[in-house]
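Visitor: Hi, I have a structure open and would like a quick tour. Could you walk me through it?

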Amino acid sequence: MERSTFPLNAWYAAAYDVEVRRVLLARRICNKPIVLYRKEDGTAAALADACWHRLVPLSLGRIEGDKVICGYHGLEFDDTGRCVYMPSQHTINPSACVKSYPIAEKHRFIWIWPGNPALADPALIPDLHWNDDPDWVADGKLIEVNCDYRLVVDNLMDLTHETFVHGTSIGDRAVAEAPFVATHNEKFAVVTRWMERIDPPPFWKKQYGKPGKVDRWQIIRFEAPCTIAIDVGVAAAGTGAPQGDRSRGVNGYVLNTITPATDRTCLYFWAFARNYDIRNQARTHELREGVAGVFSEDEAVLEAQQRAIETNPDHVFYNLNIDAGSMWARKLIDRMIDAESQPTRAAAE
Amino acid sequence: MERSTFPLNAWYAAAYDVEVRRVLLARRICNKPIVLYRKEDGTAAALADACWHRLVPLSLGRIEGDKVICGYHGLEFDDTGRCVYMPSQHTINPSACVKSYPIAEKHRFIWIWPGNPALADPALIPDLHWNDDPDWVADGKLIEVNCDYRLVVDNLMDLTHETFVHGTSIGDRAVAEAPFVATHNEKFAVVTRWMERIDPPPFWKKQYGKPGKVDRWQIIRFEAPCTIAIDVGVAAAGTGAPQGDRSRGVNGYVLNTITPATDRTCLYFWAFARNYDIRNQARTHELREGVAGVFSEDEAVLEAQQRAIETNPDHVFYNLNIDAGSMWARKLIDRMIDAESQPTRAAAE
Amino acid sequence: MERSTFPLNAWYAAAYDVEVRRVLLARRICNKPIVLYRKEDGTAAALADACWHRLVPLSLGRIEGDKVICGYHGLEFDDTGRCVYMPSQHTINPSACVKSYPIAEKHRFIWIWPGNPALADPALIPDLHWNDDPDWVADGKLIEVNCDYRLVVDNLMDLTHETFVHGTSIGDRAVAEAPFVATHNEKFAVVTRWMERIDPPPFWKKQYGKPGKVDRWQIIRFEAPCTIAIDVGVAAAGTGAPQGDRSRGVNGYVLNTITPATDRTCLYFWAFARNYDIRNQARTHELREGVAGVFSEDEAVLEAQQRAIETNPDHVFYNLNIDAGSMWARKLIDRMIDAESQPTRAAAE
């Protein structure tokens with residue numbers, strides 16, 4: 001069996017909260033077709049998107065109460081996946097069911113657990129609290145990228161690429177040249193880079209709104225297997241930001257969680273959060289579109305990289321110093337995958 | 001060798017009669033590229049659509065008399081497939097030929113026999129006589145559906161799907177709930193459903209044209225491997241239609257013959273025939289377009305089902321009571337395929 | 001290992017000279033991604049189009065001096081392919097490099113040698129001197145054809161197809177019926193056809209510009225593995241053209257060199273050269289577009305042939321008398337491929 005590219009025992013963002021409504025939403029997650037909807041009580045439900053009878057996607061059908069009705073022969077499934085109606089017969093085959101998935105709603109995302117339901121502990125949902133913290137304002141998008149989700153993780157774990165991919169907005173030579181520190185534990189990998197006493201690049205000059213040199217920071221925190229929160233900002237140079245006093249600066253968080261759709265495509269959910277000027281809706285709008293523009297520059301590179309990898313499946317990659325963060329992220333992902341393939345552990349599904 | 005999805009020793013509809021003219025028509029039938037045309041005497045001919053010399057499709061060339069001339073180097077083939085001209089040489093390689101196929105014209109279709117020509121008995125052509133019977137008027141279309149032809153057969157053998165797929169026209173709860181009877185013999189499988197004393201669904205209300213309850217019938221006759229004629233109609237409730245007196249009602253036939261193009265695509269020829277108000281050309285036109293709309297609802301479901309099956313090649317399907325008709329149809333198809341793979345029988349080709 | 005469809009130890013046209021400038025040009029040649037550019041001194045350079053670090057195409061980056069800078073993390077490569085800069089580190093891994101390819105500019109093409117660089121002798125560049133000879137004027141195009149480059153070679157080595165594919169311009173019955181002579185040596189295969197005392201077809205009638213019968217010639221010279229120069233023209237009938245006196249006629253050359261892009265696609269560079277009325281720019285323009293129209297007729301046939309071959313991978317082809325030239329061309333190609341696969345020879349790469 002080929003090695004999986006992702007663990008199954010993990011919470012993955014399936015949708016933004018507002019995407020899941022009283023209609024059927026089809027998504028592919030970890031190679032599985034999934035149908036999402038909200039029940040009458042407002043909570044979300046997720047079923048396998050393939051009717052037990054003829055495999056027709058349930059998402060082509062409709063909702064009635066908390067049930068999903070197949071659009072072909074009308075079989076009805078409740079939110080646990082049990083079949084509760086079959087046409088032209090009174091007895092229902094007791095084995096008739098579709099898989100249902102543990103689901104949770106937190107930090108403005110609908111999270112799904114594709115693996116062993118017994119292990120689906122809500123305490124394990126990744127921390128993206130800035131996304132609905134009243135002291136912050138955040139806005140973002142979902143983009144579908146045609147690459148292995150791990151290439152997006154690599155991309156975010158090393159921001160020297162800003163210099164070369166995003167030279168007109170957030171990148172400058174300082175990012176590629178400043179030293180950084182990479183640390184990790186069992187679940188997190190962190191890359192910290194301080195660029196002290198620099199001229200801010202265009203994006204930060206605008207956010208900061210004052211003349212003069214700044215101290216700039218990027219603190220990238222990876223939470224296995226695929227969530228990355230990046231603490232970013234600038235403060236007036238020499239006013240103590242590296243030591244913890246950010247009062248003379250502006251602070252944002254780039255929130256990212258990247259869900260494998262298939263082995264070569266992913267759902268990339270991102271948002272930009274800030275704790276300054278938070279009532280200014282125009283700034284929120286402008287930031288969302290500005291960051292979307294930056295990410296579309298990444299998309300082109302990532303999809304080209306994916307195609308090159310597929311053309312050279314046996315290529316062995318070389319790592320640079322800058323890859324320290326992504327190497328740790330990959331190692332933590334691999335440990336999760338390995339843990340699931342241990343025969344003594346509970347099978348993922 | 002992988003099991004074939006269709007028998008070769010059978011008559012398959014290759015085209016509507018009017019489609020075959022004094023030009024070259026390319027069709028793929030049972031995984032074979034075929035070129036169809038009419039000869040000077042008006043009868044149809046079918047050759048393999050690949051020149052003996054360089055495999056270039058003959059359909060890119062042209063007709064001269066009864067001959068097909070390759071559009072690349074000008075090799076000429078007569079209607080038996082024998083090469084009768086080669087450029088720049090006087091002697092023709094006696095082995096130079098392309099395959100020709102038995103062909104017949106009946107009930108407004110051009111039928112082709114892809115298997116052993118010695119077995120191509122015109123008496124075996126499926127019965128779709130309503131399509132050119134002077135007491136009936138019929139009109140229809142050809143659609144190309146991206147699914148195994150057997151999924152269309154399944155679809156037609158169980159009309160409970162009308163309730164869920166075609167709820168705005170011909171479907172209502174009565175179809176999904178009325179009992180039915182399934183019978184079969186060596187070549188035919190028949191599913192009979194009577195819905196007595198019901199309110200007619202919108203389609204039949206319009207055809208019937210009178211107020212009041214009706215008795216509605218659907219008598220589905222499958223003729224192996226892929227022709228289905230469905231006797232449909234409604235009559236005033238309690239006037240003896242179930243016993244054979246249809247004089248107080250309206251009667252139609254849904255004629256269907258589905259030709260495998262490849263293992264995952266098919267040519268679906270259908271027509272709707274009626275024996276009432278047969279001089280009314282507007283009604284003919286309206287019925288053709290109305291039924292086309294109904295069938296486009298099926299197409300979406302069938303193509304989604306095909307994609308799901310391809311993603312899950314080892315899926316074992318469960319059957320419901322409503323699948324009795326399609327199970328028999330599948331069994332009759334399988335018998336034909338098995339008969340061809342018997343080493344003691346004449347090889348199909 | 002599957003047999004290669006082309007030799008690697010050969011010069012292949014990668015681009016027209018004007019296509020290679022101070023920007024990065026991506027091309028696929030012999031299944032390899034290549035990036036082409038001009039250095040500050042005006043000479044061309046060619047590198048593998050995949051960064052040593054993460055395989056991202058270098059063509060997505062930019063040029064600085066003679067160096068190529070990767071558009072992802074900024075690694076810099078000189079024109080020999082050696083990495084001379086890595087972000088955030090002072091020491092450069094000495095193994096960090098991408099492959100560079102021997103390159104040459106001649107007869108208005110940029111030529112690349114994908115095989116063993118030690119064998120890349122500029123004297124082996126195919127002869128297409130008419131393309132920049134002051135006594136001739138030439139103009140042409142690059143087209144990308146979705147077929148094995150050898151199908152284009154076959155096409156050009158037998159011009160009887162003109163009768164059937166190009167009947168409205170250069171083809172007539174004379175081409176398909178006139179005798180021809182095929183000769184060859186270790187590197188060249190030549191097919192000579194004279195059509196004496198014929199009415200010129202439309203194209204030549206216009207070029208010749210006078211009434212009356214002509215002697216027409218086609219002398220096809222194949223230079224292994226994929227260059228074909230065709231000496232074409234007409235002269236007043238009986239004025240000695242077959243004996244060498246072309247003074248009473250017009251003479252052109254159809255120049256063709258076809259580079260394998262992948263095993264099933266190719267870059268087809270062509271030009272039409274003439275030595276009459278050479279100051280007439282309108283005629284040059286008209287000839288280029290006229291010949292482009294002729295070649296687009298070939299494209300349709302060649303791509304249909306490629307699809308048919310892929311559908312019938314085990315098909316054994318039959319040859320006619322007219323295939324003598326292409327059979328020799330194929331034989332010379334095969335010898336080059338065989339020579340590279342000999343274990344005692346220098347490996348191609």
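Guide: Happy to; what follows goes from the chain arrangement to the interfaces, the domains and a few local details.

Visitor: Before we start, what kind of model is this?

Guide: This is a predicted model.

Visitor: Okay. By what turn can chain A be laid on chain B?

Guide: A turn of 120° with a shift of 0.1 Å along the axis lays chain A on chain B, and the RMSD is 0.0 Å. That is the relation of a three-fold axis. In chain A, the C-alpha nearest that axis belongs to A:Glu310, 13 Å from it.

Visitor: And what about laying chain A on chain C?

Guide: For chain C the turn is 120° and the shift along the axis is 0.0 Å, with an RMSD of 0.0 Å. Here, too, A:Glu310 has the chain A C-alpha nearest the axis, at 13 Å.

Visitor: Interfaces next. How many residues are in contact between chains A and C?

Guide: Chain A has 19 residues in contact with 18 residues of chain C. On the chain A side, the elements giving two or more residues are α2 (161-165), α3 (173-177) and α5 (281-311).

Visitor: Which element gives the largest share there?

Guide: That would be α5(A), with five residues on the side of chain A that touches chain C. By class, this side has eleven nonpolar, seven polar and one charged residues.

Visitor: How many residues does the contact of chain A with chain B take?

Guide: It takes 18 residues from chain A and 19 residues from chain B. The chain A side of that contact divides into ten nonpolar, seven polar and one charged.

Visitor: Let's move inside a chain. What does the domain assignment give for chain A?

Guide: Chain A is assigned domain 1 (12-123) and domain 2 (127-341). The C-alpha centres of domain 1 and domain 2 of chain A lie 33 Å apart. Their contact takes eleven residues from domain 1 of chain A and twelve residues from domain 2 of chain A.

Visitor: Which elements of domain 1 give two or more residues to the side that touches domain 2?

Guide: In chain A these are β1 (12-16) and β2 (25-29). The largest share, four residues, comes from β1(A). The domain 1 side of this contact in chain A divides into seven nonpolar, two polar and two charged residues.

Visitor: What does UniProt list for residues 11-112 of chain A?

Guide: The UniProt entry, which is unreviewed, lists "domain: Rieske" for residues 11-112 of chain A. In the model, that span is 0% helix and 40% strand, and its end C-alpha atoms lie 5 Å apart.

Visitor: You brought up β1. Is its counterpart in chain C mostly covered or mostly open?

Guide: Strand β1 (residues 12-16) of chain C is mostly covered, with four of its five residues buried. β1(C) pairs with strand β10 (residues 109-112) of chain C in the antiparallel sense, over four bridges. In that pairing, C:Ala13 stands opposite C:Trp111 in β10(C).

Visitor: Switching to chain B: in what order do the four strands of the open sheet run?

Guide: The order in chain B is β5-β6-β7-β8, and the pairing is antiparallel. At the edges stand β5 (62-64) and β8 (83-85) of chain B, each with a single partner strand, so one side of each is left without a neighbour in the sheet.

Visitor: And over how many bridges do β6 and β7 pair?

Guide: Strand β6 (residues 67-69) and strand β7 (residues 76-77) of chain B pair over two bridges, in the antiparallel sense. B:Ile69 stands opposite B:Glu76 in β7(B).

Visitor: Last topic: where is B:Asp154?

Guide: B:Asp154 sits in helix α1 (residues 149-157) of chain B.

Visitor: Is B:Asp154 buried or exposed?

Guide: B:Asp154 is buried, because 22 other C-beta atoms lie within 10 Å, and the cut-off for buried is 20 or more. The C-alpha atom of B:Asp154 is separated by 5.0 Å from that of B:Ser326, although the two are 172 residues apart along the chain.

Visitor: How many residues of α1(B) are buried?

Guide: Nine of its nine residues are buried, so to speak of α1(B) as mostly covered fits the definition. Among them are B:Tyr149, B:Arg150 and B:Met157.

How values were computed:
Residues numbered from 1 in each chain as written. Chains lettered and ligands numbered in written order. Predicted model: local features only at pLDDT ≥ 70, side-chain atom pairs only at ≥ 80, totals over all residues. Least-squares fit on C-alpha atoms with pLDDT ≥ 70 in both. Contact = placed C-beta atoms within 7 Å. Nonpolar A, V, L, I, M, F, W, Y, C, P; charged D, E, K, R; others polar. Pairing = 2+ DSSP bridges. Domains from an automatic or database assignment. UniProt positions renumbered as here; feature names shortened; annotations may be inferred. Buried ≥ 20, exposed ≤ 12 C-beta atoms within 10 Å, placed from the backbone.
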